[in-house]
Amino acid sequence: MIYDTIVIGGGPAGMTAAIKAKETCEKAKILIIDRNKKLGKKLYATGNGRCNIANSALDLSSYHSCNEFFPYQIINTESYKKLKEFFMDLGVAIYDDGGYLYPQSMQASTVVWALSDRIKHLGIEIHTTEEAESVEPTDEMYGVVTDCAEYTARTVVAAPGSAAAPKLGGTESVYRLLENTDIRTIAPHPALCRLKTREDTSDLAGVRARCRVSLLCDGDVYDSESGEIQFADGWLSGIAVFNLSMQCIDLLDDGRTPVVEVTLVPEMDEGDVLGYLRKFRDSNPDRRLEAMSNGLVNEKIARFIINRLELKSVTAARLTDEELDRMVFEIKHMRFEISGHGGYDESQAACGGIDTRQLRPDSMEADGYKGLYVAGEYADVTGKCGGYNIMWAVMTGMRAGEAAGKRLTHDKNK
Ligand SMILES: Cc1cc2nc3c(=O)[nH]c(=O)nc-3n(C[C@H](O)[C@H](O)[C@H](O)COP(=O)(O)OP(=O)(O)OC[C@H]3O[C@@H](n4cnc5c(N)ncnc54)[C@H](O)[C@@H]3O)c2cc1C
């Protein structure tokens with residue numbers, strides 16, 4: 001069976017690509033193949049079921065890639081507007097929550113249904129529960145071999161996502177899909193996941209704290225994030241930590257020892273904290289040290305600090321100035337050596353994937369493979385939490401789909 005376009009993967013990238021290809025070339029015969037029973041399974045689970053679809057804030061730390069500037073050749077400060085227009089056209093109104101974009105319904109299902117309904121309306125063929133195993137370049141065409149059939153396509157959009165979240169369709173086999181081409185893959189690893197501490201943090205289990213977290217290694221600061229940290233037995237998590245995990249895992253993979261520094265009470269500087277503790281000591285000389293730091297931080301953190309600093313004094317009055325300084329330092333620079341990270345089963349994304357140095361940013365076409373496009377998380381681009389990954393998937397899906405549609409229109413008019 002010959003198709004004009006075969007889209008491998010029915011996530012936000014693949015669904016968008018199929019829609020755009022068909023809208024650009026109405027006569028095109030398009031097939032979407034997905035190994036799941038339904039399209040958009042991962043999308044249903046995003047944003048805790050609310051689907052944080054995009055983000056209007058953008059800086060050079062929003063995306064992680066070995067090809068650092070590539071993501072910004074596709075995503076710019078106008079992208080979220082284009083994405084909004086695309087979804088408005090599908091009938092999904094967008095709610096802007098301080099830069100974090102969601103469907104107005106606050107339901108991911110609204111987004112999945114809108115994409116799926118447009119796909120059906122356009123007459124795009126869908127094969128679910130079918131897994132593509134390889135893409136074989138032949139003369140001017142591509143063979144697509146699946147676990148139950150073989151097809152030929154004029155153009156192929158590879159959008160199978162990543163290995164992250166296997167229960168939602170993620171699989172490490174995606175990295176073998178283009179094995180029969182010269183297209184390189186950057187070694188993948190989990191991303192947006194929790195980090196394992198070398199130190200026993202069981203005393204902090206269950207604590208959540210507002211803070212700033214920074215990733216340090218050998219005296220350099222790699223990244224910093226504000227937000228809430230969550231402590232578990234031997235683990236650090238929470239969105240701020242997830243966002244540091246991408247670079248942190250790169251450092252671990254390089255055999256280095258990254259450190260996460262937690263700055264508690266972020267709105268007070270060290271001078272403010274010292275002033276507070278001194279005043280406490282003067283006004284409450286008989287109160288215990290736990291109460292002193294508990295005036296600023298959660299009581300479990302207060303006890304953890306006292307144990308860590310091995311403070312002998314039991315009342316505030318007996319705390320020396322030097323001990324006071326150490327307490328301030330610990331509150332503002334609580335450091336944890338990182339020894340590991342969560343696996344794909346608990347990751348929201350994966351780093352690595354198709355090396356973007358071989359992709360054209362205007363079309364997502366692979367160099368040397370006319371009509372073969374890559375979209376979404378399959379490429380070596382990973383966004384921070386906050387809508388950046390779906391925005392990447394949709395925007396690259398648009399570019400790939402439009403480019404495939406234009407190629408088909410051009411060929412059909414020949
Ligand atoms: C719990 C969770 C919450 C998240 N929340 C957010 C959020 O709020 N905002 C945000 O921006 N990002 C979020 N993400 C990340 C986001 O979901 C992904 O980055 C995004 O879905 C990637 O889109 P994609 O189309 O590239 O890949 P996917 O959505 O993973 O879709 C790829 C599809 O390809 C299929 N497939 C894989 N291999 C094959 C094959 N060989 N043959 C056929 N089909 C195949 C899969 O079954 C899957 O349906 C979240 C992720 C998780 C796990």
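1. A salt bridge here is a side-chain nitrogen of Lys or Arg within 4 Å of a carboxyl oxygen of Asp or Glu. Glu 225 and Lys 384 make one, with 2.5 Å between their closest N and O atoms. The count between domain 1 and domain 2 is 2 salt bridges.

2. Some ground rules. This is a predicted model, in which local features need pLDDT of at least 70 and side-chain atom pairs count only at pLDDT 80 or more, while totals for chains, interfaces and linings use all residues. Residues are numbered from 1 along each chain as its sequence is written, and side-chain values use heavy atoms, leaving out hydrogens and water.

3. On to the layout. An automatic or database domain assignment splits the protein chain into domain 1 (2-189 + 352-412), domain 2 (195-258) and domain 3 (270-334). Taken over C-alpha atoms, the centres of domain 1 and domain 2 sit 30 Å apart. Their contact (heavy atoms within 4.5 Å) takes 6 residues from domain 1 and 10 residues from domain 2.

4. What do domain 1 and domain 2 bury between them? About 710 Å², 64% of it on carbon and sulfur atoms; that is the accessible area (1.4 Å probe) lost on putting the two parts together, summed over both.

5. Now the ligand. It is surrounded by 33 residues (a heavy atom within 4 Å), the closest being Asp 34, Asn 52, Ala 132, Glu 377 and Ile 390. Ligand oxygen atoms also lie 3.3 Å from a backbone N or O atom of Pro 12, 3.4 Å from a polar side-chain atom of Lys 42 and 3.5 Å from a polar backbone atom of Pro 160. The protein covers 94% of the 990 Å² of accessible area that the ligand has on its own (Shrake-Rupley method, 1.4 Å probe).

Key. Polar contact = N/O pair within 3.5 Å; in protein donor to acceptor, adjacent residues only side chain to side chain.
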